Amino acid sequence: MKTPQGLQALIDDGVIDEVMRPLKSGKEAAVYVVRSGDDVRCAKVYKDMAQRSFKQRVQYQEGRKVRGSREARAIGKASKYGRKQQETAWKNTEVDALYQLVEAGVRVPQPYGYFHGVLVMELVTDADGFSAPRLGELELEPGQAREYHAFLVKQVQLMLCIGLIHGDLSAYNVLVGAEGPVVIDFPQVVSAGGNNAARAMLLRDVNNLTATLGAFAPELLDSWYGEEMWALFETGDLLADTPLTGKFVHDERSVDLDGVRDAINDAREEALIRQQGREAAAEMD
């Protein structure tokens, strides 16, 4: 295929040898299957965002650290230079997060480097060597749904232990590879300790997973892993090996339990709507 403009510099520098085919395209990035020597990998080419998109990111960016006081001031003033720095920081966030998550033992694509604004990383494949499907595209047996749910809750726990929350986790940001689920797409990753919406985002992430997998194993809908996890995190008692039960005693004086359960049931519909938006954006490219 014709080499996309964003990948030509990587070929010129010998980072990759060939662009084999497009893998997926969304509002924020296009991903291609590439060859580097004898290895087949994928390359994520980030798209430049319009100023309108920055406004949608404010909630996610709260609490993030910016390299350099000049950059921080420029971003705060929303100047042309500030918007450029904000764009750069947004792209760098996923790269930095991936390396942290790999170190913490979270199952994410292995990053191989960031070159000319392009993230080169592991291509997640199924048992037959084809590109892995998304979790939301699969029909599961109850036992498999329970297994995937336990594994993914553990990944959320490991992330939270290093102070990170995915922020947009759903069945469409999880690939199912030959060895099980792999969490992807982290440009919107949230600081657990520095973002006022961190708890809400954590609960939404867990609820999205619970709603999807609970469709195959309904007993999962009676679990409260997100609430349990956050309570332990707040008191400093959440560790990577802390056992979770999925049980949580709510303060019924201040919590609308029916509303919380409705939110879990609504999460699946929200995930489907988001996926439809991604597919529509891909068709427009």
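**Helix 6**

I started with the buried residues of helix 6: A145, Y148, H149, L152, V153, Q155, V156, Q157, L158, M159 and L160. The model I am reading is predicted. I then checked the length of helix 6. For its 20 residues, 1.5 Å a residue gives an expected span of 28 Å. The end C-alpha atoms lie 29 Å apart, so the two values agree. Past the helix I looked at the backbone. G163 follows helix 6 and has a positive phi, near 80°.

I kept one general point in mind for the helix. Residues three or four places apart in an α-helix point the same way, because a turn takes 3.6 residues.

**The cores**

Next I looked up the nonpolar cores. The largest has 50 residues. Which of its members touch the most other members? I found L101, L135, L160, I165, F186, L213 and M229. Helix 6 (residues 142-161) gives the most to this core, with eight residues. L160 is on both of my lists: it is buried in helix 6, and it is one of the core members with the most partners.

I followed L101 further. Leaving out residues up to four places away in sequence, L101 touches V106, V108, M159, I162, L164 and F186. M159 is among the buried residues of helix 6. F186 is another of the members that touch the most others.

A second core lies apart from the largest one. It has eleven residues, including L7, A30, V34 and A43. Nonpolar side chains tend to be buried together in soluble globular proteins.

**Strands 1 to 3**

I moved to strand 2, residues 29-36. Is it largely enclosed or largely open? Seven of its eight residues are buried, so the rest of the structure largely encloses strand 2.

Then I traced its partners. Strand 1 (residues 18-25) runs antiparallel to strand 2, and six bridges join them. P22 has Y32 of strand 2 as its bridge partner. Three residues make the hairpin connection from strand 1 to strand 2.

On the other side of the sequence comes strand 3, residues 39-46. Strand 3 pairs with strand 2 over eight bridges, again in the antiparallel sense. A30 stands opposite V45 of strand 3. A30 also belongs to the eleven-residue core. Two residues separate strand 2 from strand 3 in their hairpin. In that turn, G37 has a positive phi of about 65°.

**Two glutamines**

I compared Q5 and Q188. Q5 sits in helix 1 (residues 5-12). Its relative accessibility is 77%, so Q5 counts as exposed. I also looked for its distance to strand 3. Q5 and V45 are 40 residues apart along the chain, and their C-alpha atoms are separated by 9.7 Å.

Q188 lies in the loop between strand 8 (180-183) and strand 9 (190-191). Buried or exposed? At 7% relative accessibility, Q188 counts as buried. What does its side chain approach? A polar atom of the Q188 side chain is 3.1 Å from the backbone oxygen of D185.

**Whole chain**

I closed with the totals. The protein has nine helices and nine strands. Of its 285 residues, 47% count as buried. Among contacts with a separation of 6 or more, 61% are between residues 24 or more positions apart. The exposed area is about 14700 Å². Carbon and sulfur atoms supply 50% of that area.

Technical notes:
Residues numbered from 1 in each chain as written. Predicted model: local features only at pLDDT ≥ 70, side-chain atom pairs only at ≥ 80, totals over all residues. Heavy atoms only, no water. Buried < 20%, exposed > 50% of the residue type's maximum accessible area, 1.4 Å probe, protein only. Helix = DSSP H or I, 4+ residues; strand = E, 2+ residues; numbered from the N terminus. Pairing = 2+ DSSP bridges. Core = buried A, V, L, I, M, F, W, Y, C linked by side-chain atoms within 4.5 Å. Contact = heavy atoms within 4.5 Å. Expected span 1.5 Å × (residues − 1). Areas by Shrake-Rupley, 256 points an atom, 1.4 Å probe, with all protein chains shown as cover. Polar contact = N/O pair within 3.5 Å; in protein donor to acceptor, adjacent residues only side chain to side chain.
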